[in-house]
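Ready for some practice at reading a protein model? Grab a pencil, take the exercises in order, and check each solution against the picture.

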Amino acid sequence: MNTLEAIEQRRSIRKFRDTPIPDEVMEKILRAGTLAPSGKNRQPWRFIVVGQDKRAEIVRVMREGMAHLKAQGVNLGSAEWTAKVLEQAPVTVFVFNEYAEYAQAHRDIGDALMDTVDVQSIGAAIQNMLLAAQDMGIGSLWICDVFYAYEELCAWLGQTHQMIAAVSFGYPDEQPNARPRKTVTEVTQWL
Ligand SMILES: Cc1cc2nc3c(=O)[nH]c(=O)nc-3n(C[C@H](O)[C@H](O)[C@H](O)COP(=O)(O)O)c2cc1C
């Protein structure tokens, strides 16, 4: 599969088969992540891989965090649906920013700007992983609903660094249509 085909054909997958992903395949996906460009080549990404044997626990922790927010009257949006995806994904990779702490009270503008650079680099790493997975017939879902259980998940994963996202991977059990996109004309101004 060439790169443009992978970009065209990738979809967010929310139904996975139970077939495990071999470690060597996951390593290829993670390596693709590490090949992403990064501001000042800082390579701020850090990955924690949660496999099938730990997924029930991670979903329990996510639901615990969601329940705390719900009790405070927070609207959980799509989070409950996303928790169900996590529940059946053979692998979920949690992605952290090595250079930012979760709770940073006083940061100067330089740090704050570098944070923005690092988050862009991590976005590139995640997209590389999605495309590498697509190339190998593996579906993926980029997940930020994990923020509804931010503290609980960071604590369970033993992380004080900034959590950026989670990405679930598995062999697809659905073939969703392409979601609508704004046209190039709508989003571009040529000068
Ligand atoms: C930063 C980011 C966060 C996302 N978080 C979630 C999520 O928590 N749950 C979910 O079901 N989809 C999530 N998605 C997937 C988007 O809903 C999806 O990419 C979008 O609807 C376009 O569909 P497509 O990926 O199939 O092209 C996220 C995507 C991105 C890029």
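**Exercise 1. Lysine 40 and its loop**

Lysine 40 is exposed, at a relative accessible area of 73%. Exposed here means over 50%, buried means under 20%, and partly exposed is in between (1.4 Å probe, protein chains only). Before going on, note that this is a predicted model, where local features need pLDDT of at least 70 and side-chain atom pairs pLDDT 80 or more, while totals for chains, interfaces and linings use all residues. Residues are numbered from 1 along each chain as its sequence is written, and side-chain values use heavy atoms, with hydrogens and water left out.

Task: find where lysine 40 sits, and what its phi looks like.

Solution:
- Step 1. Lysine 40 belongs to the loop between helix 2 and strand 1. Helices (H or I, at least four residues) and strands (E, at least two) are DSSP runs, numbered from the N terminus.
- Step 2. Its phi is positive, about 55°, although lysine 40 is not a glycine.
- Step 3. Now try asparagine 41, in the loop between helix 2 and strand 1. Asparagine 41 has a positive phi near 50° and isn't a glycine either; with a relative accessible area of 53%, it is exposed.

**Exercise 2. Serine 38**

Task: is serine 38 buried or exposed, and which backbone nitrogen does its side chain reach?

Solution:
- Step 1. Look in the loop between helix 2 (23-34) and strand 1 (45-50), where serine 38 is found.
- Step 2. At 15% relative accessible area, serine 38 is buried.
- Step 3. Its side chain gets to the backbone nitrogen of arginine 42, at 3.2 Å. That fits a polar contact: a pair of N or O atoms within 3.5 Å; within protein, one must be able to donate a hydrogen and the other to accept it, and residues adjacent in sequence count only if both atoms are side-chain atoms.

**Exercise 3. Cysteines**

Task: how many disulfides does the structure hold?

Solution:
- Step 1. Recall the rule: a disulfide is a pair of cysteine sulfur atoms within 2.5 Å.
- Step 2. Check cysteine 144: its closest cysteine sulfur, in cysteine 154, is 13 Å away, so it is too far for a bond.
- Step 3. The count is zero disulfides.
- Step 4. Compare the surroundings: cysteine 144 is partly exposed at 38% relative accessible area, whereas cysteine 154 is buried at 3%.

**Exercise 4. Rings**

Task: how many aromatic pairs are there?

Solution:
- Step 1. Rings of Phe, Tyr and Trp (its six-membered ring) pair if their centres lie within 6.5 Å; planes under 30 degrees apart are stacked, over 60 edge-to-face, and the rest tilted.
- Step 2. This gives one aromatic pair.
- Step 3. Phenylalanine 147 and tyrosine 150 have ring centres 5.5 Å apart and planes at 45°, so the pair is tilted.
- Step 4. Phenylalanine 147 is partly exposed, at 37%, while tyrosine 150 is buried, at 16%.

**Exercise 5. The ligand**

Task: which side chains and backbone atoms make polar contacts with the ligand?

Solution:
- Step 1. Start with serine 12: an N or O atom in its side chain is 2.6 Å from an oxygen atom of the ligand.
- Step 2. Threonine 82 places a polar side-chain atom 3.0 Å from a ligand nitrogen.
- Step 3. Tryptophan 142 uses a polar backbone atom, which is 3.0 Å from a nitrogen atom of the ligand.
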